[in-house]
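Here are some short exercises to help you find your way around a new structure. Try each one yourself before reading the worked solution.

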Amino acid sequence: MKLGVLTSGGDAPGMNAAIRAVTRSAIYRGYEVVGFERGFDGLIQNSWRKLETISVSEIIHKGGTILKTARSKDFMTEEGMKKALRTLETLKIKNLVIIGGDGSFRGAKELADHGLNVMGIPGTIDNDLSYTDYTIGFDTAVNTVTAAVEKIIDTSLSHERNTIIEVMGRDCGDIATYTGISTGAELVLIPEIKTDLNTIFRKIKSNNKRGKLQSIIIKAEGFHMKTEELAGLIKQETGTEARVVVLGYLQRGGEPTTGDRILASRMGAEAVRLISDGLQNRCVGIQNNNLVNMPVDKAIGYQKDYDSALNQLADILSI
Ligand code: F6P
């Protein structure tokens with residue numbers, strides 16, 4: 001019996017822990033494991049390596065992915081799909097574990113539509129998949145951003161000026177919301193809420209009136225206004241400086257937290273269990289700390305509801 005595994009889309013801390021869990025659980029259950037390199041491109045380029053237990057030693061604590069990753073444009077072409085299917089057929093691989101986000105699960109669905117048995121594991125820092133409470137990499141990204149914001153607070157305080165910190169998440173505001181709470185930010189701006197500009201100016205002015213001349217504003221990249229533009233308007237409307245820090249790709253790296261390592265290990269083993277128990281075309285998730293799984297087509301394409309209670313908490317605690 002053979003099983004393939006790949007990582008796809010934006011990398012996330014914890015992907016290596018997931019690769020390790022898939023590999024070792026599969027070997028434990030009698031499978032041979034093939035790791036495809038650079039996401040779906042690995043299927044097209046026939047770029048793979050056999051994974052043994054030793055292949056995944058000493059990686060649980062490492063960020064990134066030993067299999068590399070990519071956003072494969074070719075895979076979405078007919079020619080690309082044909083090559084991918086030919087690779088899988090030649091290698092006699094009928095089961096494939098895909099570790100990635102929404103876009104990767106769409107690719108998984110395409111393979112399922114062509115007769116492959118796919119298992120999705122949610123690996124993305126965005127936490128933007130509606131069927132699971134958490135995605136692998138999110139906890140680490142929140143910790144990384146928290147540590148960065150705490151450094152920025154020092155200089156913001158010293159110069160008594162506002163700082164807007166732009167964080168990742170694509171169309172999801174969870175990284176911003178969670179780090180807004182963990183750092184005590186004065187404002188959290190997320191794509192799910194079209195915060196009115198006057199609300200932002202009023203908040204900064206009221207802080208200024210009570211002697212707090214520095215506000216930390218954590219803005220998700222998907223918020224409805226560009227960060228530099230918002231900084232200019234804050235200066236113009238409140239008379240106080242607003243510096244901009246775009247945290248960018250440091251949110252995607254670093255050693256995974258123990259939480260992400262455990263989440264990835266649980267999900268990796270579960271994906272293999274589902275295959276071994278004969279289930280087809282599912283995505284593994286976590287809800288209320290219980291492992292769940294659902295059909296691939298139910299796991300993609302749904303806008304995740306933002307946690308309004310958590311956002312309200314961020315607001316209340318920043319008065
Ligand atoms: O999906 C993860 C993510 O980091 C998003 O938060 C971000 O918008 C995007 O990837 C950046 O994409 P790329 O790595 O292709 O620049």
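**Exercise 1. Find what the side chain of Thr140 is joined to by a polar contact, and describe the surroundings of Thr140.**

Step 1. The side chains of Thr140 and Asp260 are joined by a polar contact of 2.6 Å. A polar contact is a pair of N or O atoms within 3.5 Å; within protein, one must be able to donate a hydrogen and the other to accept it, and residues adjacent in sequence count only if both atoms are side-chain atoms.

A note before going on: this is a predicted model, in which local features need pLDDT of at least 70 and side-chain atom pairs count only at pLDDT 80 or more, while totals for chains, interfaces and linings use all residues. Residues are numbered from 1 along each chain as its sequence is written, and side-chain values use heavy atoms, with hydrogens and water left out.

Step 2. Place Thr140 in helix H5, residues 138-159. Helices here are DSSP runs of H or I with at least four residues, numbered from the N terminus.

Step 3. Look at the cover: Thr140 has a relative accessible area of 2%, so Thr140 is buried. The classes are buried (under 20% relative accessible area), exposed (over 50%) and partly exposed (in between), with a 1.4 Å probe and protein chains only.

Step 4. List the contacts (heavy atoms within 4.5 Å). Leaving aside neighbours within four places in sequence, Thr140 touches Pro13, Gly253, Glu255, Pro256, Thr257 and Asp260. With Pro256, the C-alpha atoms are 5.4 Å apart in space, although 116 residues separate the two in sequence.

**Exercise 2. Check whether the length of helix H9 agrees or disagrees with its number of residues.**

Step 1. Helix H9 covers residues 258-276, which is 19 residues. The expected span is 1.5 Å times one less than the number of residues.

Step 2. That rule gives 27 Å, and the end C-alpha atoms of H9 are 27 Å apart, so the two agree.

Step 3. Now look along H9: its buried residues are Asp260, Leu263, Ala264, Met267, Gly268, Glu270, Ala271, Val272, Leu274 and Ile275. After H9 comes Gly278, with a positive phi near 85°.

**Exercise 3. Work out which parts of the structure the salt bridge between Lys304 and Asp174 ties together.**

Step 1. A salt bridge is a side-chain nitrogen of Lys or Arg within 4 Å of a carboxyl oxygen of Asp or Glu. In the pair Lys304 and Asp174, the closest N and O atoms are 3.6 Å apart.

Step 2. Lys304 sits in the loop between helix H10 (296-299) and H11, and Asp174 in helix H6 (residues 174-183), so this pair ties together parts that are 130 residues apart in sequence.

Step 3. Compare the cover: Lys304 is buried at 14%, and Asp174 is buried at 7%.

**Exercise 4. Find how many residues apart Asp102 and Arg106 are in helix H4.**

Step 1. Their salt bridge brings the closest N and O atoms to 2.8 Å.

Step 2. In helix H4 (residues 102-113), Asp102 and Arg106 are four residues apart, so about one helical turn separates them. An α-helix has 3.6 residues a turn, so residues three or four places apart point the same way.

Step 3. Asp102 is partly exposed at 21%, and Arg106 is partly exposed at 39%.

Step 4. For the wider view, the whole structure holds 15 salt bridges. Glu37, Arg38 and Arg49 are linked in a network of them.

Terms used: Helices (H or I, at least four residues) and strands (E, at least two) are DSSP runs, numbered from the N terminus.
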